[in-house]
Amino acid sequence: MKLRSLAAVAALSVSMFAGAALADGRIAAALESPVAAKTKVVAGGAVFVCDGAECVSTAAPSRALTAVACKALAKEVGRVAAFGGETRSLDADELQRCNAAAKTASLAAK
């Protein structure tokens, strides 16, 4: 009986921790140049829908709120002016890293 209780508590703890670590949230990116057509991009484990000068992921994992994820997005749609979510936004240094390998504006508009 004690073993079952311990197993149940352990399972509950693991599921609560995993739920917090994988909590989904909204991330938005403002682009320096608008995309030519509505586009879906996967970056940092999140699906971003880009339309005009904005890309939004409505259910992004916490790992998607990083300069690395921003960089993956920028490679597909061009330079990013702002990137953030409910808990934080990238600072100027992180945005600079994000844009280091950004697609050029002429390619983004194709």
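Me: Buried means under 20% relative accessible area, exposed means over 50%, and partly exposed lies in between (1.4 Å probe, protein chains only); on that scale, what makes Phe 48 count as buried?

Reply: Phe 48 has 0% relative accessibility, and this is under the 20% limit, so the residue is called buried. The model is predicted, so local features need pLDDT of at least 70 and side-chain atom pairs count only at pLDDT 80 or more, while totals for chains, interfaces and linings use all residues. Residues are numbered from 1 along each chain as its sequence is written, and side-chain values use heavy atoms, with hydrogens and water left out.

Me: Why are Phe 48 and Phe 83 called a tilted aromatic pair?

Reply: Rings of Phe, Tyr and Trp (its six-membered ring) pair if their centres lie within 6.5 Å, and planes under 30 degrees apart count as stacked, over 60 as edge-to-face and the rest as tilted. There is one aromatic pair by this rule, with its centres 6.0 Å apart and 40 degrees between the planes; the distance is within 6.5 Å and the angle fits neither stacked nor edge-to-face, so the name is tilted. Phe 48 belongs to strand E3 (residues 46-51) and Phe 83 to strand E5, 35 residues apart, where strands (E, at least two residues) and helices (H or I, at least four) are DSSP runs numbered from the N terminus. Phe 83 is also buried, at 1% relative accessible area.

Me: How do you know that Arg 79 and Glu 32 form a salt bridge?

Reply: The term requires a side-chain nitrogen of Lys or Arg within 4 Å of a carboxyl oxygen of Asp or Glu. The closest N and O atoms of Arg 79 and Glu 32 are 3.0 Å apart, so the pair qualifies. Arg 79 sits in the loop between helix H2 (67-77) and strand E5 (80-85), and Glu 32 in the loop between strands E1 (25-31) and E2 (39-43), 47 residues away. With relative accessible areas of 40% for Arg 79 and 46% for Glu 32, both are partly exposed.

Me: What makes the link between Arg 88 and Glu 94 both a salt bridge and a polar contact?

Reply: The N to O distance is 3.2 Å, which satisfies the salt-bridge rule, and the count by that rule comes to two. A polar contact is a pair of N or O atoms within 3.5 Å; within protein, one must be able to donate a hydrogen and the other to accept it, and residues adjacent in sequence count only if both atoms are side-chain atoms. The two side chains meet this test at 3.2 Å. Glu 94, in helix H3 (residues 92-98), is buried at 14%, whereas Arg 88 is partly exposed at 35%.

Me: How do you know that E1 and E5 pair?

Reply: Two strands pair if DSSP finds at least two bridges between them; five bridges join E1 to E5, which run antiparallel, so the condition is met. Ile 27 stands opposite Gly 85 in E5. The open sheet of five strands has the order E2-E3-E4-E1-E5 with antiparallel pairing.

Me: Why are E2 and E5 called edge strands?

Reply: E2 and E5 each pair on one side only, with pairing judged by the bridge rule, and therefore they are named edge strands.
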